[in-house]
Amino acid sequence: MTCELTLRDPRSIARIINLAHRFTCRCTRIDAVANEESTSASLAFSGNPGALARLRAQIDRIIAVEGVPDERTDLQA
Amino acid sequence: MTSGAAVVLDALAREGVEIVFGYPGGAIMPLYDALYEHSVRHILTRHEAAAAFAASGYARTTGKVGVCCATSGPGATNLVTGLLDAMMDSVPVVAITGQVRSELMGTDGFQEADVCAITQSATKWNVLVTDPAKITSTIAEAFAVARSGRPGPVLVDIPNDVFKAKIDHVEFTPRVFAIAAPPPVVSETAVRDAVARIRAARRPVAIIGGGVRAGHAVDAYRTLVAMLGIPHACTINAIGAGSPGDPHDLGMLGMHGHKRANIAVQRADLLLALGMRFDDRVTGRPDRFAREAAVIHADIDATEFGKIVKADVALHGDLTTTLGALIDELARGHVPRFDDWATEARLLGGSLPSDRVADGVLSATDVLDRIFAALPDDAIVTTDVGQHQMWAAQRARPQHPRSFATSAGLGAMGFGFPAAIGAQFANPHRPVYVIVGDGGFQMSLPELATLRRYDVPVKIVLVDNQNLGMVRQWQELFFSERYSATNLADNPDFAAIAEAYGIPAFRLRSPDEADATIAKFIAARGPALLHCACHPTENVWPMIPAGMTVDELMEAKA
């Protein structure tokens, strides 16, 4: 699963990685750039489909609070 | 010039905050100094956990944001359970925590804790304020996040030097962020699909969850179920959302829910799941839950769709708007009635089973039956966690929404008593009762001092069975009667403890004296404790064991 995210708070990236660990998914790529107002990240995860689905739902919930309006967010299975 | 601490309080007042529950300490002393002469009222609880639960009780019974505060380190970490409880049950709470001075952060300073890291998964959002000029906008943002969308807790961590800073210019520029955007508008296509399925259904059941209350959708929900004559069940967080006396209300479903509610859901061909999240205590085993039913799922949180149970129709949006759209679409054509099915559903399952025996020992369920029959119509009831919570949930029929508050998702013992204190401050003219077990009461005993100090007229119903009863019940049923660490036969004299705090206590020991003692307790002015010495081995029935379905429902020990 790959994620292209733009979030307000760079700590959210760490939170997503913690969640992946909790769901026994493996984070296979972390590429992030932070500026004053937002952080853009490209992440990739591997794991079983059920765990990835749970991770995706949690990422969606984080985006709901932390997502930057009008910025691209893309989650691909 | 003003101080950062005064700016915090002014920002709280701007959000409509009148009361803050909290406990002082070193790092947050500047805020307490500002409280000394501010219009925002501070209520001193006797433990920070109680402050968080009191804020939750305040919020749950009003729909307003509850506010608590604590100092750095242990003060902040003591809030964590209350914050997670609010997170699980979608309760808007804002916590203000003191933090060590900025230059000490990272030095393992006295009472230093990285509370933002600690609470990242226990809050909807948290923030460390590093610039005194941003206090006002940050507090505004915190309240916006707590209230909007699916409500939840927010923590604002403020270093001691930021509280002390002298400020001559208050910056107020809340940033735009996704959660404060207008809620999504429910899809017209999905609404039409849902209505078509309702019209085609033969045995539909509505299940409502805490989202109906959180989304201020109680009136719309009552209109919809009355329009259809549809049988409806609720999760524990939605108790009180149904119209009083509605014959189609099947009561709570789930592990200890009413048999009729669970059977009706299992026989349903269509579920209207409204603001509920298919918790495992509701579904038991999701792949066998409501096997014959198509599911219409309405929620403001899109991540709930398909999380546990597949939604055939997902209605994503604010629940009041969604239910309004369903009602309007139904009214444009044939409005089906399901009264015959509702009557059939109501008769499924019979009355609540119990373990009562006529041995002269007080039965907890008998006492609670009598208490609920005697409570005033406008009573607010909070519960702690355990057997008494389930017995109360089975019996409570509040006349008003937001009149039953319990730690549902997290199941946090120690919640009930401080939550009742918060509920009483929020609703000073309504009677507030807490139903609590002997285990949970001992987790919150210090709050008797809060009751006394402010003369809070909360009535405490203590169901004392000298056991951690729910765990004992599981040990009896599923762990070969190996009663490990659940026997509390060495309980203290709770009535004497209450009296030592200046709280009148009533002792209830036998069924013969129950009605008279309960009447005296209810009539007592001010706070009071009713100590009920109950049978130690009475169990909660019915019960669907964890991970099973209504097909395995137990009504007594096998």
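Q: pLDDT is the predictor's confidence in each residue, from 0 to 100. What does chain A average on that scale, and how many of its residues score at least 70?

A: This is a predicted model, and chain A averages a pLDDT of 90. As for the share that scores at least 70, that's 92% of its residues.

Q: Which elements of chain A have the lowest and the highest mean pLDDT?

A: Strand β4 (residues 74-76) of chain A sits at the bottom with a mean of 73, and strand β3 (residues 39-46) of chain A comes out on top with 96.

Q: And what about chain B and the scores of the model as a whole?

A: Chain B has a mean pLDDT of 95, with 98% of its residues at 70 or more. The model itself scores ipTM 0.89 and pTM 0.96.

Q: What makes β1(A) and β4(A) a pair, and in which sense do they run?

A: Pairing takes at least two bridges. Strand β1 (residues 2-7) of chain A and β4(A) share three bridges in the antiparallel sense, so they pass the test. For one of the partnerships, look at T2(A), which bridges to Q76(A) in β4(A).

Q: Why are β2 and β4 of chain A called edge strands?

A: The open sheet has four strands in the order β2-β3-β1-β4 (chain A), paired antiparallel. β2 (26-34) and β4 of chain A each have a single partner strand, so one side of each has no neighbour in the sheet. From one strand to the next, the twist averages 15°.

Q: Which strands of chain A do its helices α1 and α2 touch or lie across, and at what angles?

A: Helix α1 (residues 11-22) of chain A lies across β1, β2 and β3 of chain A, at about 10° to β3(A). Helix α2 (residues 49-66) of chain A packs on the sheet too, touching β1, β3 and β4 of chain A, and its direction makes about 15° with that of β1(A).

Q: How do you know which strands stand at the edges of the six-stranded sheet in chain B?

A: Read the order: β16-β15-β17-β18-β20-β19 (chain B), an open sheet with parallel pairing. β16 (404-405) and β19 (505-508) of chain B have one partner strand each, so a side of each is left without a neighbour in the sheet.

Q: What makes β17(B) and β18(B) a pair?

A: The bar is at least two bridges. Strand β17 (residues 432-437) of chain B and strand β18 (residues 459-464) of chain B have five bridges, in the parallel sense, so they count as paired. Among the residues involved, I435(B) has V461(B) in β18(B) as its bridge partner.

Q: How do α1(B) and α7(B) pack, and is their crossing left-handed or right-handed?

A: Helix α1 (residues 4-14) of chain B and helix α7 (residues 135-147) of chain B pack at about 35°, with axes 9 Å apart. The crossing is right-handed. G4(B), V7(B), V8(B), A11(B) and L12(B) of α1(B) meet I135(B), T136(B), I139(B) and A140(B) of α7(B). By class, the residues of that contact are seven nonpolar, two polar and no charged. Gly counts as polar, and G4(B) is in the contact, so G4(B) is polar in this tally.

Q: Where do the domains of chain B lie, and how far apart are the centres of domain 1 and domain 2?

A: Chain B splits into domain 1 (2-180), domain 2 (188-346) and domain 3 (364-540). The C-alpha centres of domain 1 and domain 2 of chain B are 36 Å apart. Each of these two domains gives six residues to their contact. On the domain 1 side of chain B, those are one nonpolar, three polar and two charged residues.

Q: What makes A290(B) stand out?

A: A290(B) has a positive phi of about 45° although it is not a glycine. Find A290(B) in the loop between α13 (280-283) and β13 (294-299) of chain B.

Key. Residues are numbered from 1 along each chain as its sequence is written. Chains are lettered from A and ligands numbered from 1 in the order in which they are written. This is a predicted model: local features need pLDDT of at least 70, side-chain atom pairs count only at pLDDT 80 or more; totals for chains, interfaces and linings use all residues. Axes are lines fitted to C-alpha atoms, for helices over the stretch in contact, and angles run from 0 to 180 degrees between N-to-C directions. Helices (H or I, at least four residues) and strands (E, at least two) are DSSP runs, numbered from the N terminus. A crossing is left-handed if the near helix is turned anticlockwise from the far one by less than a right angle, and right-handed if clockwise. Two residues are in contact if their C-beta atoms, placed from the backbone, lie within 7 Å. Domain bounds come from an automatic or database domain assignment.
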